[in-house]
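Here is a short report on one chain and its ligand. It takes the fold first and the binding site second.

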Amino acid sequence: MIKVCFVCLGNICRSPMAEFIFQDMIKRENLQDKLMCSSRATSTEEVGNPMHTNAKKVLTKHHIPYTDRKAQVLCQEDYQNFDYIIGMDSSNIFHIKQIVGGDSKNKVFKLLSFCNLNDNIEDPWYTGNFDKVYDEINSGCRAFLEFLKMVYSL
Ligand code: 4NP
């Protein structure tokens, strides 16, 4: 089982959106017994809180199923348990490495790097642009899934 953890600042907007978008792709491609995913925050700000209402709205608009969940912070143990830790922006990457103590096993990546871009997925908590974030996460997740399928011959 290849285990993926998506990470953003609050774990109420971008990383849970990535979790549910990627989960839907996994299901559509019948890869549930090969791939699993979850998501975490780098900050404690929103711990225990549900996904942002506008994140839920944009997922519903694109027919992506989601479940009730509570924001959870990334911990050192997660670095051992997951095979890939995928951040949304450069600040997430910095804080992920700070929390888990570096990246000796080369597990930490920025999502849009799989689209050959060095771009950040901007925080919709501040921009309010959930549609743009949806499109970027969807492209990143698609490219990441194609990468995994190639590397592991899935
Ligand atoms: P996210 O957005 O990192 O995409 O979940 C944020 C949500 C909440 C906060 C920051 C970012 N906050 O500071 O409370």
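The radius of gyration is taken over C-alpha atoms, and the globule rule is 2.2 Å times the number of residues to the power 0.38. The model here is predicted. For 154 residues, a compact globule would have a radius of gyration near 15 Å. The chain has 14 Å, which agrees, so the value fits a compact globule. Along the principal axes, the C-alpha atoms fill a box of roughly 35 × 35 × 30 Å.

The chain holds six helices and four strands. Read from the N terminus, the order of elements is β-α-β-α-α-β-α-β-α-α.

Now the ligand. Where does the ligand sit? It occupies the largest pocket. The residues around the ligand include a run of Cys8, Leu9, Gly10, Asn11, Ile12, Cys13 and Arg14. Glu45 and Glu46 also surround the ligand, as do Asp123, Trp125 and Tyr126. By class, this shell has six nonpolar, two polar and four charged residues.

Three residues place a polar atom by an oxygen atom of the ligand, as tabulated here.

| Residue | Protein atom | Distance to a ligand oxygen atom |
|---|---|---|
| Leu9 | backbone N or O | 3.0 Å |
| Arg14 | polar side-chain atom | 2.8 Å |
| Glu46 | polar side-chain atom | 2.8 Å |

Leu9 thus uses a backbone atom, whereas Arg14 uses a side-chain atom, and so does Glu46. How much of the ligand does the protein bury? Taken alone, the ligand exposes 350 Å², and the protein buries 94% of that.

Key:
Residues are numbered from 1 along each chain as its sequence is written. This is a predicted model: local features need pLDDT of at least 70, side-chain atom pairs count only at pLDDT 80 or more; totals for chains, interfaces and linings use all residues. Side-chain values use heavy atoms; hydrogens and water are left out. A residue is near a molecule or strand if one of its heavy atoms lies within 4 Å of it. A polar contact is a pair of N or O atoms within 3.5 Å; within protein, one must be able to donate a hydrogen and the other to accept it, and residues adjacent in sequence count only if both atoms are side-chain atoms. Accessible areas come from the Shrake-Rupley method with a 1.4 Å probe; for residues, only the protein chains shown count as cover. On a 1 Å grid over the protein atoms alone, a cavity is a set of points where a 1.4 Å probe fits but cannot get out, and a pocket is an open set with protein on both sides within 12 Å along at least five of seven lines; lining residues have an atom within 4 Å of a point. A molecule sits in a cavity or pocket if more than half of its atoms lie within 2 Å of its grid points. Ala, Val, Leu, Ile, Met, Phe, Trp, Tyr, Cys and Pro count as nonpolar, Asp, Glu, Lys and Arg as charged, and the others, Gly among them, as polar. Helices (H or I, at least four residues) and strands (E, at least two) are DSSP runs, numbered from the N terminus.
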